[in-house]
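I opened the notebook on this model to look up how its parts sit against each other, and I write down each item in the order in which I checked it.

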Amino acid sequence: MSAVKKTASEQLLNDKWDVVISNTLVKTALGFGFGVVTSVLFFKRRAFPVWLGIGFGAGRGYAEGDAIFRGGDAGVRIVNP
């Protein structure tokens, strides 16, 4: 079996996707948590703050992902061996 070596551009694209997906998941989860807390404390356990928080988190993750893919090396940390 031979190992498939990835080119530098494939590796860079994979690193960007890793950052974008993890960033979006974290921001969506934070939005969910903030929405749940807001719903319990201020809105008598209604659902709209939770959905609003999820929407803000996913939107922020999408916007930062768009910036990562459009920018040069934003969001990707290069580690020198």
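**Aromatic pairs**

I began with the rings, and the structure holds two aromatic pairs. For Phe43 and Phe48 I found ring centres 4.9 Å apart and planes at 65°, and because an angle over 60 degrees counts as edge-to-face, this pair is edge-to-face. I then looked up how open the two partners are: Phe43 is partly exposed, with a relative accessible area of 32%, and Phe48 is also partly exposed, at 46%. I note here that the model is a predicted one, and that every value below is computed from it.

**Overall make-up**

I next asked which secondary structure elements the chain has, and the result was two helices and zero strands. The chain has 81 residues, of which 19% count as buried. Its exposed surface comes to about 6,600 Å², and carbon and sulfur atoms supply 66% of that area. When I took the contacts between residues at least 6 apart in sequence, 60% of them turned out to join residues at least 24 apart.

**Helix α1**

Helix α1 covers residues 8-42. I checked its length against expectation: at 1.5 Å a residue, its 35 residues should span 51 Å, and the end C-alpha atoms are 50 Å apart, which agrees. I listed the buried residues of α1 as Lys16, Val20, Asn23, Gly31, Gly35, Thr38 and Ser39, and I found that they pack against α2. For the spacing within this list I kept in mind that an α-helix has 3.6 residues a turn, so residues three or four places apart point the same way.

I also consulted the UniProt record, where an unreviewed entry lists residues 20-43 under "transmembrane region". In the model, that stretch is 96% helix and 0% strand, with its end C-alpha atoms 32 Å apart.

**Thr38**

I stopped at Thr38, which lies in α1, and asked whether it is buried or exposed. Its relative accessibility is 14%, and because the cut-off for buried is under 20%, Thr38 counts as buried. A polar atom of its side chain lies 2.7 Å from the backbone oxygen of Phe34. Leaving aside residues up to four places away in sequence, I found that Thr38 touches Phe43 and Pro49. Of these two neighbours, Phe43 belongs to the edge-to-face pair described above, while Pro49 is one of the buried residues of α2.

**The loop between α1 and α2**

I then went through the link between the helices, where Lys44 has its place. Lys44 follows α1, and its phi is positive, near 50°, a value I marked since the residue is other than glycine. At 76% relative accessibility, Lys44 counts as exposed. Arg45 is found in the loop between α1 and α2 too, and its phi is likewise positive, near 60°, again in a residue other than glycine. Arg45 is exposed, with a relative accessible area of 66%.

**Helix α2**

Helix α2 covers residues 48-70. I repeated the length check here: its 23 residues should span 33 Å at 1.5 Å a residue, and with the end C-alpha atoms 32 Å apart the two values agree. The buried residues in α2 are Pro49, Val50, Gly53, Gly57, Gly61, Gly65 and Ile68, and what covers them includes α1.

**Distances between the helices**

Which separations in space go with the separations in sequence for Leu52 and Phe34? I read 9.6 Å from C-alpha to C-alpha for these two residues, which are 18 residues apart in sequence. Leu52 is found in α2 and is partly exposed, with a relative accessible area of 48%.

I took Tyr62, which lies in α2, as a further point. Tyr62 and Ile21 are 41 residues apart in sequence, yet their C-alpha atoms are 9.1 Å apart in space. At 63% relative accessibility, Tyr62 counts as exposed.

**Closing entry**

To sum up my reading, the buried residues of α1 pack against α2, and α1 is in turn among what covers the buried residues of α2.

Note on methods. Residues numbered from 1 in each chain as written. Predicted model: local features only at pLDDT ≥ 70, side-chain atom pairs only at ≥ 80, totals over all residues. Heavy atoms only, no water. UniProt positions renumbered as here; feature names shortened; annotations may be inferred. Helix = DSSP H or I, 4+ residues; strand = E, 2+ residues; numbered from the N terminus. Buried < 20%, exposed > 50% of the residue type's maximum accessible area, 1.4 Å probe, protein only. Contact = heavy atoms within 4.5 Å. Areas by Shrake-Rupley, 256 points an atom, 1.4 Å probe, with all protein chains shown as cover. Polar contact = N/O pair within 3.5 Å; in protein donor to acceptor, adjacent residues only side chain to side chain. Phe/Tyr/Trp six-rings, centres within 6.5 Å; stacked < 30°, edge-to-face > 60°. Expected span 1.5 Å × (residues − 1).
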